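Here are some friendly notes to read alongside the structure. Keep the 3D view open and find each element as you reach it.

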Amino acid sequence: MERCGAAAGGSVCMCQTVFPAHANHRAELGAGQLLKWMDATACLAAEKHAGVSCVTASMDDIQFEEAARVGQIITIKAKVNRAFKTSMEVGIKVTVQDVLTNVEKIVSVAYATYVAKPVGAKKIELEPVKVLSTEDHLEYTLAIERRRIRLGYEQVFQNLMQESNKEGDYYTFEEEDAVSTDLTHVQSIELVQPPHANHHGNTFGGQIMAWMETVASISASRLCRSYPILKSVNMFKFWGPSVVGDRLVFNAIVNNTFQNSVEVGVRVEAYNCEEWIKDQARHINSAFLIFKAVNDKGELLTFPRIKPTTKDGLRRYHGAIARRRIRLARKCMSATEDKPSDPWERSNQAYVSYSNIAALAQLAAKPGWEITSMLDDIKIWTHEEGDMLSLKVEMQVKVPSHLAFSLLSDFTFRQQWDKHFLTCEVLQAVNEDEKIYYVTSPPITGHKPRDFVILVSQRQPCKPSEPYVVAVKSVTLTSMPPSSEYCRSEVLCAGFQIYSDCNSSCTVCYFNQVTSGVMPYLAANLTGSSKSIEDTALECIKFLELKGSKY
């Protein structure tokens, strides 16, 4: 195993003026061209960190928020967020700047995975990324969560497809205006020439993405009788390489329509000369592209319903519905003010967990914490931002970090040290790292008792310098609606980060974020005692050290 890489990580910035040759008929930067630039910049960042050649493994879901026009300047920044032995996550941020107004807008933020190519027979083990700033640390922390989502995506998708089969969720396609999917099938063949290859001799990943966007756009246009606009991509995944001289066959077809959007699936197969004669294809890439279309006034056009004509077409039809559910779940979880009716359905679980861990990491990384109290083993900070007030309590505890993590992540123990936890029961053990609890609190003078439905997500560190994490946020379960006996309350963001000091002691940091609307309950909700935050922190320390002495 050969280790290589620049410890500081790779960071690359590319600036490019949008010229007419880069633009479409609307004088806007073509999505295919932008994808090529994004892939090239990210690959350079990956290779800067690895010190060896790298290839694109996948690119996560990409959302395009703004269009860049001719004459404007595109800036693409790519940085390696975290290395995982032979692969690494690269974060990509694309902005557009108008040279006349100097206004800058975000076009897209995306994440790609790159793999270091082996040198001879030796495998490459990448050096860890050296975290230099608070922002670097945050992205480093969240990269492992995004990796969990990538690895679990296929299982979530298959679960949704199985649910669809069990529920008999099959539509009858009897609408008179339904369009046969056969009419949207488009095939294109490209011969890979030297200009299409990267410096490894493989077909440039960005070039393949651009060709896919072109054929998908043609497929979508057959439904809208207009020029489709690419809004998002549901993960480019590269299954294998292709090289100069290969024939690439692109097959695109509309999978489903959703009022103002359409999903087009694209499959790419490669053939060398011998395979071409024998018709032996290599499946090298697949992706699902989502388009919208507008009229001359900029108004969204409605896509007609489509009608699958084969069993495989029906599978793709329902696959598009499943992917849309996952996309909507992700959007709901990224919008802090909008909550879906039941965010803990299968399509949402990974994104709820991610947002839970991410919110705590972002809260802990915020600058501007002000210390308000110091005792021997307890320090208290506060942070104000708009109508948000956040609390941080740091406790020095004489127990090993793994034991503190075990005790604090099990909320059924919470009543033993937090007087504001009246009852606490497990509603659902989602998996070994996630549980949903129902919590009740005693009444405060003049108010009803309060109750909560909370998700507790726990994570163990990947290396000694990282903390144990217990993240908490409210979720909605249709099986546990609000009751007239209680005032249903919400935990925006709370939890623990537990750092190991030595084999027998650790530092426990507790965080909680509240809005001005719950200020009257601040003391009680955060401390478990209306008397003082310090009292509850002391009770927590006593509880941990008493339990620790028995192990």
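The points below go from the whole chain to pairs of helices and then to a single residue.

1. Start with the overall picture. What you have is a predicted model, and the protein in it contains 9 helices and 25 strands. Of its 551 residues, 50% count as buried. Look also at how the chain meets itself: among contacts with a separation of 6 or more, 68% join residues that lie 24 or more positions apart.

2. Now find helix 1, residues 31-50. The helix has 20 residues, and its first and last C-alpha atoms are 28 Å apart, close to the 28 Å expected at 1.5 Å a residue. Is helix 1 largely enclosed or largely open? Because 16 of its 20 residues are buried, helix 1 is largely enclosed by the rest of the structure. Just past its end, Gly51 has a positive phi of about 75°.

3. Helix 3, residues 205-224, is a good one to set beside it. Helix 3 has 20 residues and reaches 29 Å from first C-alpha to last, close to the expected 28 Å. Here 16 of the 20 residues are buried, so helix 3 is largely enclosed by the rest of the structure. Directly after helix 3 comes Arg225, with a positive phi of about 50°.

4. How do helix 1 and helix 3 run relative to each other? Their axes come within 8 Å and cross at roughly 165°. Angles over 145 degrees count as roughly antiparallel, and therefore these two helices are roughly antiparallel to each other. The crossing of helix 1 with helix 3 is right-handed.

5. Which residues make that meeting? From helix 1 come Ala31, Gly32, Leu35, Lys36 and Asp39, and from helix 3 come Gly205, Gly206, Gln207, Met209, Ala210 and Glu213. Sorted by class, this contact has 4 nonpolar, 4 polar and 3 charged residues. As you trace it, keep in mind that an α-helix has 3.6 residues a turn, so residues three or four places apart point the same way.

6. Zoom in on Ala210, which sits in helix 3. Its relative accessible area is 8%, and the cut-off for buried is under 20%, so Ala210 is buried. Leaving out residues up to four places away in sequence, Ala210 touches Gly32 and Lys36. Ala210 and Ala31 are 179 residues apart in sequence, yet their C-alpha atoms are 7.4 Å apart in space.

7. For another pair, turn to helix 7, residues 401-409, and helix 9, residues 533-548. These two pack at an angle of about 115°, with their axes 10 Å apart. Helix 7 and helix 9 make a right-handed crossing. Leu403, Ala404, Leu407 and Leu408 of helix 7 meet Cys540, Phe543, Leu544, Lys547 and Gly548 of helix 9. By class, the contact has 7 nonpolar, 1 polar and 1 charged residues.

8. Last, try helix 6, residues 349-365, as a check on helix length. Why should its ends be 24 Å apart? The helix has 17 residues, so at 1.5 Å a residue it should span 24 Å, and its end C-alpha atoms are indeed 24 Å apart, which agrees. Many residues to look for are buried here, including Tyr351, Val352, Ser353, Tyr354, Ser355 and Asn356. Also buried in helix 6 are Ile357, Ala358, Leu360, Ala361 and Leu363.

How values were computed. Residues numbered from 1 in each chain as written. Predicted model: local features only at pLDDT ≥ 70, side-chain atom pairs only at ≥ 80, totals over all residues. Heavy atoms only, no water. Helix = DSSP H or I, 4+ residues; strand = E, 2+ residues; numbered from the N terminus. Expected span 1.5 Å × (residues − 1). Buried < 20%, exposed > 50% of the residue type's maximum accessible area, 1.4 Å probe, protein only. Axes fitted to C-alpha atoms, helices over the stretch in contact; angles between N-to-C directions. Parallel < 35°, antiparallel > 145°, perpendicular 65-115°, else oblique. Left-handed = near helix turned anticlockwise from the far one by under 90°. Contact = heavy atoms within 4.5 Å. Nonpolar A, V, L, I, M, F, W, Y, C, P; charged D, E, K, R; others polar.
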